[in-house]
Amino acid sequence: MDNELTLVSLAQHFSDEDKAREFMEKLRWPDGPVCPHCGQVGNAYRLEPKPSKKGKHVRKGVWKCAGCREQFTVTVGTIFEDSHIPLNKWLLAYHLLCASKKGMSAHQLHRMLKVTYRSAWFMAHRIRYTMTQEPLSSKLTGVIEIDETYVGGKIREKYVTAVKPGERQQDRRSPFANKQSVVSVLQRGGRVQSTHVQRVTAENLRPIVEQMVAEDAHVMTDSATTLKGALSTPTHSQVNHRAEEYVRYENGVCITTNSIVGFFATLKRGINGVYHHVGKQHLHRYLSEFDFRYNSRKQKDGDRTLIALNSVSGKRLMLRDSKQPN
Ligand SMILES: [Zn+2]
């Protein structure tokens, strides 16, 4: 793509479905149309939209493979397949989610794209689904910051008041009771991967660390972390946030968790400010969205949209997978 993708260019060029379809054809098929039935590249021709012999209209954007004689469109095998929402609205939704640092609520998509709230909710969830990262092909090395945070659910006032006379501290409900725990592993200068965990315990964290962190990595955490018991081999340094220590240098190495603290700040502003009520069954999809934007943070907004759009194939999210708007 020569021209940078912005909201303005998107709005101009994708004013209708035909232009949006041409855009997707160029993006998905740089070497010519690819037949999803037999895999042949560049061996298909367009069917002109006209009434067929049986009186049925051939839809726009239909190709016919000269090899296997099957018909297809650019949306076959993508999350757009079978969608009643015009493709140009899909592309705009992609850009809005990719270019907004804190994400965008289904309510706002609903208003901006003139689709129903329910449609907007499904679109956003499908887009998040395509943002899901592939499992790491190799473990993260170098400096790794690991931390936990709690999102969603309000801390109820009555749970944060002082312990009443005769009440034992351990009998009170935790102020985190209706919050969800998120553990993120961040490679400094690299990527982040977040996981929704039921409870932050050493047992729950150990497999996450073992799967993602190389043995020669230098892990940095704050002092309040449960992670200590989950770390076996890697070098481990801690900063003591309670003592207001955020950065220190040891043998020329910067000991800090400021990168992950910054990532969590964006995540929490997004989840709490934009999404308000994130159902815990859907939290992992929101985490995919925030991880995706962080991991493509060095890209321009338009390029980030293209990266996301390149992941639309091979991922069809069935509606039943995400039944309840939340
Ligand atoms: Zn074919």
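This report describes the zinc site, the salt bridges and the nonpolar cores of a predicted model.

The zinc ion is held by the SG atoms of Cys 35, Cys 38, Cys 65 and Cys 68, at 2.3 Å, and along the sequence these donor residues follow the spacing C-x2-C-x26-C-x2-C. The arrangement is tetrahedral because the four donor atoms subtend angles of 105 to 115° around the zinc ion; for comparison, the ideal angle for four tetrahedral donors is 109.5 degrees. Of these ligands, Cys 35 is buried, with a relative accessible area of 2%, whereas Cys 38 is partly exposed at 36%.

The salt bridges number nine, and the table gives three of them.

| Basic residue | Acidic residue | N to O distance |
|---|---|---|
| Arg 46 | Glu 25 | 2.9 Å |
| Arg 248 | Glu 250 | 3.0 Å |
| Arg 293 | Glu 289 | 2.7 Å |

The pair of Arg 46 and Glu 25 links distant parts of the chain, with Arg 46 in strand β1 (residues 44-46) and Glu 25 in helix α2 (residues 17-28), 21 residues apart; Arg 46 is partly exposed, at 41% relative accessible area, while Glu 25 is buried at 6%. Arg 293 and Glu 289, by contrast, both lie in helix α9 (residues 283-295), four residues apart, or about one turn of the helix. Arg 293 is buried, with a relative accessible area of 6%, and Glu 289 is likewise buried, at 0%. Salt bridges also link Asp 18, Arg 21 and Lys 60 in a network.

The largest nonpolar core comprises 60 residues, and those with the most contacts inside it are Phe 23, Met 24, Phe 80 and Leu 309. Helix α3 (residues 87-99) gives the most to this core, contributing nine residues. A second, separate core has 17 residues, among them Ile 144, Ile 146, Val 209 and Val 213.

Note on methods: Residues numbered from 1 in each chain as written. Predicted model: local features only at pLDDT ≥ 70, side-chain atom pairs only at ≥ 80, totals over all residues. Heavy atoms only, no water. Core = buried A, V, L, I, M, F, W, Y, C linked by side-chain atoms within 4.5 Å. Buried < 20%, exposed > 50% of the residue type's maximum accessible area, 1.4 Å probe, protein only. Helix = DSSP H or I, 4+ residues; strand = E, 2+ residues; numbered from the N terminus. Donors = N, O, S within 2.8 Å, 3.2 Å for Na, K, Ca; no water. Tetrahedral: all angles 85-135°; square planar, octahedral: opposite > 155°, others 65-115°. Salt bridge = Lys/Arg side-chain N within 4 Å of Asp/Glu carboxyl O.
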